[in-house]
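Q: Before turning to particular features, may I ask for guidance on how a model with bound ligands should be read?
A: Certainly; let us place the structure in view and proceed feature by feature.

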Amino acid sequence: MAVSGAVLVFFLVAHMAGNLKIFAGAESFNGYAAWLREVGYPLLPHRGLLTLLEAGLVVAIGAHMWSAIVLTRRAAHARPVKYAAKVKSRANGYATRTMRWGGVIIFFFVIYHLLDMTFGVTNPEGHDATPFARMVAGFEPARWYITVFYVISVVMVGLHLRHGLWSALQTLGVARRYPVLKASAAVVSGLLTIGFLVVPLAITFGVVK
Amino acid sequence: MNLTLKVWRQSGPDDEGKLVRYQIEDVSPDMSFLEMLDVLNERLILAGDDPVAFDHDCREGICGMCSMMIDGVAHGPQKNTTTCQLHMRHYNDGDTIVIEPWRARPFPVVKDLVVDRSAFDRIIQAGGFISVPAGSAPDAHATPVPKLDADDAFDAATCIGCGACVAACPNGSASLFTAAKITHLGLLPQGQPERGSRARAMVEQMDEEGFGGCTNTGECTAVCPKGIPLDTIARMNSDYLRASRKSG
Ligand code: HEM
Ligand code: SF4
Ligand code: FES
């Protein structure tokens, strides 16, 4: 859980930084997308590194989901008889309580998101348009509901990270000085959330056209 | 005050069990929760009924026997307090209180509110000890221990093995208990020779007993009557991972 989650966090940071290039204009953003497919060429084949990273991503997502399922099943096994009274949570943490269902929601978001941006199936511009055109068309003002869906999903991701970041460090045994650790987890997940959110919002509100 | 109790009644390990409703009158706010149950039991006995079985021993918050889930909270509403130290002044006239046993596969119900916590004993037997002839108490300062380590070890050593951490954990994990023992011994000089093997043996025993996996929800610390901190679990993980890396 912790190791595969850490891989995904690095992906998210890179992904967010890449998305922010949208503010540098169509050329820069498309250039970045093209560059992703060409890094290392001719040493590596075309799309070589990208395919490798995508494979790594699939493995990490698979491992993350697999460990989540194992943990959930162990939890169900460990408590065959449920409490009759509703168990009151005494620890504070909406983020903590929503890890499991939040993870499932994020999974569905990622599927939709891939159909939208990577494969262009649900995107108005379709697969053959440039990444910039896909982004702008995807979040155009008339499709505000898509933006709302993205905003909700990204906030879910932020909550997921808020617990996930420090929980991973605790699982790996490096957690000490909790106030510092928890505050850093909150700051990092907050920054990631904002970094992801500004892009679709900027397009929907016409800042980026 | 007058209260309504809904108490889990189960005649034995194989009985299905159910919540049974009791009215109880004239509860004094000065009574402890267990004294309130004593009053209920006296009435049940006088009426020729079977009294409610519940575990208790010291009644002063140090033995860890008085396990019960009160309205969905292990050891009831007061923080850092065992059930025996919870007093009825925290309740109001007319309240309904639901009382259940700890729920976990490794803690089977023996009768009513009594569960068998031998799984904890087996975790201790797996490594919660120091294999040196300890003799009589050593002279003070014969073996220097840094003050901060001594404090953390002492805090961890206050775990009374009550099992509230397991009962409250949504995963049914025994990590806080096991981590308290591993931290307690692993911070002191006497515990160093077996530090790695102890962590591995205890963690493996914990998994073997059928406890769930820890996801750091923090529900355990929140109900622990001794306030065992969550960072003991990080220490346990760190000892366990280091030992596993060394011996593969
Ligand atoms: C609102 C924020 C987001 C925007 C605007 C956005 C945009 C994009 C775009 C344009 C692509 C395609 C890139 C290309 O074809 O070169 C993409 C790919 C992807 N995104 Fe996002 N994304 C966002 C948030 C997220 C989040 C939160 C996740 C994960 C939880 C995520 C996971 C992915 C994945 C897995 C890919 C496929 C990567 C690949 O195939 O190489 N995205 N995103
Ligand atoms: S860690 Fe706390 S809740 Fe768990 S057994 Fe020890 S004293 Fe009880
Ligand atoms: S009866 Fe000993 S701790 Fe409550």
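Q: Which element gives the largest share of the shell around ligand 1?
A: Helix H5 of chain A does, with seven residues. Please keep in mind that the model is predicted.

Q: Which other elements give two or more residues, and which residues come nearest to ligand 1?
A: Of the 22 surrounding residues, those that come nearest are A:His15, A:Asn19, A:Arg37, A:Glu54 and A:His113. Polar contacts may be read atom by atom: a nitrogen atom of ligand 1 is 2.8 Å from an N or O atom in the side chain of A:His15. An oxygen atom of the ligand lies 3.1 Å from a polar side-chain atom of A:Arg37, and for A:Glu54 the corresponding distance to an oxygen atom of ligand 1 is 2.8 Å. Two or more residues come from each of H1, H3 (48-78), H5, H6 (131-138), H7 (144-171) and H8 (178-204) of chain A.

Q: What is the make-up of this shell by class?
A: The shell around ligand 1 has 15 nonpolar, four polar and three charged residues.

Q: How should the geometry at the iron atom of ligand 1 be read?
A: Six octahedral donors ideally give angles of 90 or 180 degrees. Here the six donor atoms make angles of 86 to 179°, and the site is octahedral. The protein coordinates the iron atom through NE2 of A:His15 and NE2 of A:His113, at 1.9 to 2.0 Å. This pair links distant parts of the chain, 98 residues apart: A:His15 is in helix H1 (residues 2-20) and A:His113 in helix H5 (residues 99-118), both of chain A.

Q: Is each of these histidines buried or partly exposed?
A: A:His15 counts as partly exposed because its relative accessibility is 24%, whereas A:His113, at 17%, counts as buried.

Q: What surrounds ligand 2?
A: Among its 13 residues, B:Cys159, B:Cys162, B:Gly163, B:Cys165 and B:Cys224 come nearest. Helices H4 (164-168) and H5 (175-186) of chain B each give two or more residues to the shell. By class, eleven are nonpolar, two are polar and none is charged.

Q: How is the sheet in chain B to be read?
A: Strands of a sheet pair through backbone hydrogen bonds, in a parallel or antiparallel sense. In chain B, five strands form an open sheet with mixed pairing, in the order E2-E1-E5-E3-E4. E2 (18-24) and E4 (73-74) of chain B stand at the edges with a single partner strand each, so one side of each has no neighbour in the sheet. Strands E3 (residues 69-70) and E5 (residues 96-100) of chain B pair in the antiparallel sense over two bridges; B:Ile70 has B:Ile99 in E5 as its bridge partner.

Methods: Residues are numbered from 1 along each chain as its sequence is written. Chains are lettered from A and ligands numbered from 1 in the order in which they are written. This is a predicted model: local features need pLDDT of at least 70, side-chain atom pairs count only at pLDDT 80 or more; totals for chains, interfaces and linings use all residues. Side-chain values use heavy atoms; hydrogens and water are left out. Donors are N, O and S atoms within 2.8 Å of the metal (3.2 Å for Na, K and Ca); water is not among the atoms, so sites may look incomplete. Four donors count as tetrahedral if all angles lie between 85 and 135 degrees; four count as square planar and six as octahedral if opposite donors are over 155 degrees apart and all others between 65 and 115; anything else is irregular. Helices (H or I, at least four residues) and strands (E, at least two) are DSSP runs, numbered from the N terminus. Buried means under 20% relative accessible area, exposed over 50%, partly exposed in between (1.4 Å probe, protein chains only). A residue is near a molecule or strand if one of its heavy atoms lies within 4 Å of it. A polar contact is a pair of N or O atoms within 3.5 Å; within protein, one must be able to donate a hydrogen and the other to accept it, and residues adjacent in sequence count only if both atoms are side-chain atoms. Ala, Val, Leu, Ile, Met, Phe, Trp, Tyr, Cys and Pro count as nonpolar, Asp, Glu, Lys and Arg as charged, and the others, Gly among them, as polar. Two strands pair if DSSP finds at least two bridges between them.
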